[in-house]
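Student: Please take one part of this structure and go through it closely. I would like a connected account.

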Amino acid sequence: MEIFGQRVKSELKETGKKQKDLCEHLNVNKSTLSEWLNNNNEPSMEYIVKIATYLGVSTDYLLGLED
């Protein structure tokens, strides 16, 4: 899921949202989010859906299934 981390980082930058705010929205600590963004660990489907909703994109986009 290497593309997942890249796309989340890109969307955060494009929308001007901060990782800190995403952590608060998801109720996870920064190290957990960092693991996901650096492809050291994978979030559950529940978190993928929450991240996609927060960023206003589809889960398929975050997972690299569509552009």
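Tutor: What follows is a close look at one helix, its surroundings and two loop residues.

The model is predicted, so local features are reported only at pLDDT of at least 70 and side-chain atom pairs only at pLDDT 80 or more, while totals for chains, interfaces and linings use all residues. Residues are numbered from 1 along each chain as its sequence is written, and side-chain values use heavy atoms, with hydrogens and water left out.

The pLDDT, the predictor's confidence in each residue on a scale from 0 to 100, averages 96 over the protein chain, and 99% of the residues score at least 70. Confidence is highest in H4, at a mean of 98, and lowest in H1, at 95.

H4 covers residues 45-55; helices here are DSSP runs (H or I, at least four residues), numbered from the N terminus. Its residues Ile48, Ile51, Ala52, Tyr54 and Leu55 are buried, where buried means under 20% relative accessible area, exposed over 50% and partly exposed in between, with a 1.4 Å probe and protein chains only. Seen down the axis of H4, these buried residues fall within an arc of 160°, so they line one face of the helix; the arc is that of the directions from the helix axis to the C-beta atoms.

The cover over that face includes H1 (2-15), H2 (19-26), H3 (30-37) and H5 (59-62). Isoleucine 51 is in contact (heavy atoms within 4.5 Å) with Phe4, Val8, Leu22, Leu26, Trp36 and Leu62, not counting residues up to four places away in sequence.

A nonpolar core is a set of buried Ala, Val, Leu, Ile, Met, Phe, Trp, Tyr and Cys residues joined through side-chain atoms within 4.5 Å. The largest one has 17 residues, and Phe4, Val8, Leu22, Trp36, Ile51, Leu55 and Leu62 have the most contacts inside it. H1, H2, H3, H4 and H5 each supply at least two residues of this core, and H4 gives the most, with five. In soluble globular proteins, nonpolar side chains tend to be buried together.

After H4 comes glycine 56, whose phi is positive, near 75°. Most residues other than glycine have a negative phi. Asparagine 27, in the loop between H2 and H3, nevertheless has a positive phi of about 60°, and it is exposed, with a relative accessible area of 70%. Asparagine 39, in the loop between H3 and H4, also has a positive phi, near 60°; at 33% relative accessibility, asparagine 39 is partly exposed.
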